[in-house]
Amino acid sequence: MKQKTHFLCSDCGYESPKWFGKCPSCGAWNTMSEFKIKPEVATRSVLQNTKSLNNSKPVRMNEIETENETRFESGIGELDRVLGGGAVHGSFVLVGGEPGIGKSTLLLQMCQEMCKNARVLYVSGEESLRQIRLRASRLGISSPELYVLAETDMENIISETDILQPDILIIDSIQTVYRSELQSAPGGTTQIKECAMLLMQYAKRHSVTIFIVGHVNKEGTLAGPKILEHMVDCVLYFEGEQTGPFRCLRAAKNRFGSTNEIGVFEMSDHGLLEVQNPSAAMLSGHPTGSPGNCIACVIEGTRPLLAEVQALVAKTAFGVPRRTAAGVDYNRMVLLLAILEKRAGMFLSNSDAYVNVVGGMRLDEPAVDLPMVLAIASSFRDKPLPEGVMSFGEVGLTGELRAVSCAAQRIWEGYRLGFHTCIMPEQDLGDNIPKDMNIVKVKSVAEALKMVL
Ligand SMILES: Nc1ncnc2c1ncn2[C@@H]1O[C@H](COP(=O)(O)OP(=O)(O)OP(=O)(O)O)[C@@H](O)[C@H]1O
Ligand SMILES: [Mg+2]
């Protein structure tokens, strides 16, 4: 019988019987690769197989027995906070991130503490047992209750899990595991969906907490079908700049906690270290007296965080000015450039503009608008901001400054780290603010520039 050939996008997992130069699903170029499928095996849906097992009946909500929600604590404070106070029993957590960012390291480090009162099975489809052992010794992890399995066939993984009965199962990664009865290649949308479905049902039925690692594509979103994110209880993104030591763990979805919390880590020879004071870490090496930088205070979850926003404005060498943004939203930056031009009379149409947040952090809060404006203006005028100045505030389309939440908390954080002047919007602060902090309240972008530049 003739072997069938399919094509699979290595970025998003899109499958097609035809080859495309550009993936019709994610638009990436030159990512379709060929794979052969076995002719004799027929595809059967996992859902069909498991239907008979789930013979559930409606029950009264009040009659459902509940135990107190118990959580496994990982001993890594930053991770537990992002999970909402530890991993809930029977939950299904997806950890996504760029290659080499430290996903496997984080999960292996998490095992160390969890093994003390739970049995953990770490399944790796990417590394050999020896490699995992080497990494574990580098990280100083050893526990008799930590089991490792190098396997990619879901059937074997499930049967080994049935025998071992762990409390926590880690699958590294969902892109490498496969169900042999399905025709498509591992990493394809069908395989990812069916494997995740099987794991989800296993987690709920046997009350096993399952962590899965997911790869991301070029755009930074999780590779594979969107349904993967719907299926799991928590989606955590592990991000940061490969070149810098800082890593940030963020919850994009959490059925058991807030999605605003972030965890900050530092990558070292001995694995990931928690960063207890992220503001101080982000500001280390902060240049004073040079034009084009401003300290912003944003609220990440419940914590205020100081970060340095840098801007470089230079004359355009070719026709169209270049604009790049790292760590802030590109469209927001372009909008602020337009506001500066229109409302503050700063002629930027002939200039390239680059904005960067030091330390690889991503600041998505509107409170970063004013610091970004100040950094751009400072670079444009080639004049540094006065020393010890921090700022926050949202900028509206007419150039007005709008109030932001938790202002007092932000001011305290800056004060703690030695800042003595705060440029902020007109808003009520209450009584609880540091006495010797110089608060400069401004109404508009133009007024802010007049005050400091
Ligand atoms: N011997 C070492 N000394 C110091 N740092 C190391 C060492 N080995 C690895 N690292 C760090 O760990 C990172 C790799 O971490 P890890 O393998 O956990 O990433 P990952 O997200 O699981 O990657 P992948 O997607 O390839 O599985 C490297 O980028 C490097 O920063
Ligand atoms: Mg890995």
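Helices here are DSSP runs of H or I with at least four residues, numbered from the N terminus. That numbering gives H4 its name, and H4 is a stop on this tour of a predicted model.

**The whole chain**

Start with everything shown. The chain has 453 residues, and 50% of them count as buried. Its secondary structure comprises twelve helices and 23 strands. The C-alpha trace spans about 75 × 50 × 50 Å along its principal axes. Among contacts with a separation of 6 or more, 66% are between residues 24 or more positions apart.

**Helix H4**

Select residues 129-139, which make up helix H4; Ile-132, Arg-135, Ala-136 and Leu-139 are its buried residues to colour. Look down the helix axis: the buried residues fall within an arc of 100 degrees, so they line one face of H4. Turn to the face pointing away from that buried side, and Arg-130 and Arg-133 appear there as exposed residues.

Now add what the buried residues of H4 pack against. The partners are helix H3 (103-114) and three strands: S7 (120-124), S8 (146-150) and S14 (271-274). Then step past the end of the helix to Gly-140, which follows H4 and has a positive phi, near 75 degrees.

**Strand S15 and its neighbours**

Move to residues 293-300, strand S15. Eight of its eight residues are buried, so the rest of the structure largely encloses the strand. Show the side chains in two colours. Asn-293, Ile-295, Cys-297 and Ile-299 point one way, while Cys-294, Ala-296, Val-298 and Glu-300 point the other way. Both sets are buried, Glu-300 included.

Next select residues 303-315, strand S16. S16 pairs with S15 in the antiparallel sense, over eight bridges. To find one of the bridges, pick Ile-299 in S15 and look across to Pro-304, its bridge partner in S16. The two strands form a hairpin with two residues between them, and Gly-301 in this hairpin takes a positive phi near 70 degrees.

Which strand pairs with S15 in the parallel sense? Select residues 389-391: this is S19, and its pairing with S15 runs over two bridges. Within S19, Met-390 stands opposite Ile-295 of S15.

**The cavities**

Rolling a probe the size of a water molecule over the atoms shows where empty space is left. In this model, a search of the whole structure finds two cavities of 30 Å³ or more.

S15 leads to the largest cavity, since Asn-293 is among the residues nearest its centre, together with His-286, Leu-385, Pro-386 and Glu-387. This cavity has a volume of about 100 Å³, and 15 residues line it. The largest share of that lining, three residues, comes from S15. By class, the lining has eight nonpolar residues, six polar and one charged.

For the second largest cavity, with a volume of about 40 Å³, select Glu-239, Gly-240, Phe-246, Arg-247, Cys-248, Val-264, Met-282, Gly-359, Gly-360 and Met-361, which line it. Strand S12 (residues 246-254) gives the most to this lining, with three residues. How do the lining residues of the second largest cavity divide, and what are the classes? Five are nonpolar, three polar and two charged.

Technical notes. Residues are numbered from 1 along each chain as its sequence is written. Chains are lettered from A and ligands numbered from 1 in the order in which they are written. This is a predicted model: local features need pLDDT of at least 70, side-chain atom pairs count only at pLDDT 80 or more; totals for chains, interfaces and linings use all residues. Side-chain values use heavy atoms; hydrogens and water are left out. Buried means under 20% relative accessible area, exposed over 50%, partly exposed in between (1.4 Å probe, protein chains only). Two strands pair if DSSP finds at least two bridges between them. The arc is that of the directions from the helix axis to the C-beta atoms. Contact means heavy atoms within 4.5 Å. On a 1 Å grid over the protein atoms alone, a cavity is a set of points where a 1.4 Å probe fits but cannot get out, and a pocket is an open set with protein on both sides within 12 Å along at least five of seven lines; lining residues have an atom within 4 Å of a point. Grid points are joined across faces, edges and corners, and a volume is the space filled by probe spheres set on the points. Ala, Val, Leu, Ile, Met, Phe, Trp, Tyr, Cys and Pro count as nonpolar, Asp, Glu, Lys and Arg as charged, and the others, Gly among them, as polar.
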